[in-house]
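Trainee: Pick one part of this model and give me a close look at it, atoms and all. Then tie that part to whatever else you think belongs in the picture.

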Amino acid sequence: MNKLPFNYFTKALIVITILLNIVSQDLLAQSKNPSPLHFPTPKNVDNMLFYIQRDPNTNTAIYAINYQENGKINKSNPIKAYWIRYAEKGEKEDFNYIQRKFAYGIESKSLNNEEFELQFVSYKKLPLTLKKIDSDQKYHVFVNINQKKIQVEKIFVRIEGGSFWLPNVKYAEVTGIDASSNKTITERMLLK
């Protein structure tokens with residue numbers, strides 16, 4: 001008679017352990033990427049420097065070199081920014097006025113012939129540098145975060161609620177190449 005409750009208890013304990021393991025793995029996966037969205041990686045985008053993805057949809061802001069017809073960089077407006085509307089069949093679309101002037105637009109200032117300071121219109125506390133690199137003779141964007149110089153490849157902005165004009169931005173993650181180690185890294189910034 002004692003064997004029955006013990007066997008039942010053992011089986012119940014095993015089932016509970018398995019369920020807890022499954023739930024904890026799901027929670028761990030959610031903590032790594034809390035967004036329920038699957039974000040595509042932009043492919044074959046001409047002159048792309050980096051891109052931004054954010055909640056609440058998969059539409060992706062692309063930031064590319066703005067070359068003139070003669071093949072030289074447009075020094076008065078070195079960045080061309082636009083959407084790839086993955087949520088609408090992957091069509092390309094320019095930022096509208098509000099997006100360009102208040103949210104995703106970039107302001108630039110020439111520092112010298114091949115170097116520019118960049119700032120997002122919506123967050124001026126994150127200065128970026130656009131410069132041509134001797135090793136590959138191409139332009140790249142750099143940022144300093146947490147005492148690390150990063151060649152920016154992508155930025156993810158986590159938004160939780162808020163409104164159109166005042167979204168509740170929790171953090172931004174910058175992924176790119178660490179200039180000192182030449183390895184891919186991701187650094188998180190809390191935005192205030």
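Mentor: Strands here are DSSP runs of E with at least two residues, helices are runs of H or I with at least four, and both are numbered from the N terminus. What you're looking at is a predicted model, with local features needing pLDDT of at least 70 and side-chain atom pairs pLDDT 80 or more, while totals for chains, interfaces and linings use all residues. Residues are numbered from 1 along each chain as its sequence is written, and side-chain values use heavy atoms, leaving out hydrogens and water.

Let's start at N59, which sits in strand 2. The residue is buried at 1% relative accessibility (buried is under 20% relative accessible area, exposed is over 50%, partly exposed is in between, with a 1.4 Å probe and protein chains only). What does N59 touch once residues up to four places away in sequence are set aside? Its contacts (heavy atoms within 4.5 Å) are I52, R54, W83, I84, R85, Y86, A87 and E88. Take Y86 from that list: the C-alpha atoms of N59 and Y86 are 5.0 Å apart, although 27 residues separate the two in sequence.

Two of those contacts, R85 and E88, also deal with each other: their side chains meet in a salt bridge at 2.8 Å, N to O. By salt bridge I mean a side-chain nitrogen of Lys or Arg within 4 Å of a carboxyl oxygen of Asp or Glu. As a rule, side chains of opposite charge can pair when their charged atoms come close. The two partners don't sit in the same accessibility class, because R85 is buried at 16% relative accessible area while E88 is partly exposed at 37%.

That pair belongs to a set of seven salt bridges in the structure. Another of the set joins R158 to D55, where the closest N and O atoms are 2.2 Å apart. This pair links distant parts of the chain. R158 comes from strand 9 (residues 148-162), and D55 from the loop between strand 1 (48-54) and strand 2 (57-65), so strand 2, where N59 lies, follows that loop, and the partners are 103 residues apart. Is the R158 end buried or exposed? R158 counts as buried, with a relative accessible area of 10%, and D55 is buried too, at 6%.

Strand 9 also supplies K148, whose side chain meets that of E187 in a salt bridge at 3.0 Å, N to O. This is another link between distant parts: E187 lies in strand 11 (residues 184-190), 39 residues from K148. Here K148 is partly exposed at 30% relative accessible area, whereas E187 is buried at 12%. Going back to D55 and R158, the network is worth tracing on screen: salt bridges that share partners join D55, R158, E160 and K170 into one network.

Now look at what else lies beside R158. V169 is found in strand 10 and is partly exposed, with a relative accessible area of 24%. Its C-alpha is 5.9 Å from that of R158, and the two residues are eleven apart along the chain. Which residues does V169 contact, leaving aside neighbours within four places in sequence? They are V157, R158, I159 and L191. Between strands 9 and 10 there is a loop, and L166 lies in it; L166 is exposed, at 66% relative accessible area.

Zoom out and you can place these pieces in the whole chain. Its secondary structure comes to two helices and eleven strands, running α-β-β-β-β-α-β-β-β-β-β-β-β from the N terminus on. N59, R85, D55, R158 and E187 are buried examples from this tour, and of the 192 residues in the chain, 34% count as buried. For long-range wiring, take contacts with a separation of 6 or more: 33% of them are between residues 24 or more positions apart. As for the outside, the accessible surface comes to about 12,900 Å², with 53% of it belonging to carbon and sulfur atoms (Shrake-Rupley, 1.4 Å probe).

If you rebuild the view yourself, begin with N59 in strand 2, step across to the R85 and E88 bridge, then follow R158 over to D55 and on into the network with E160 and K170.
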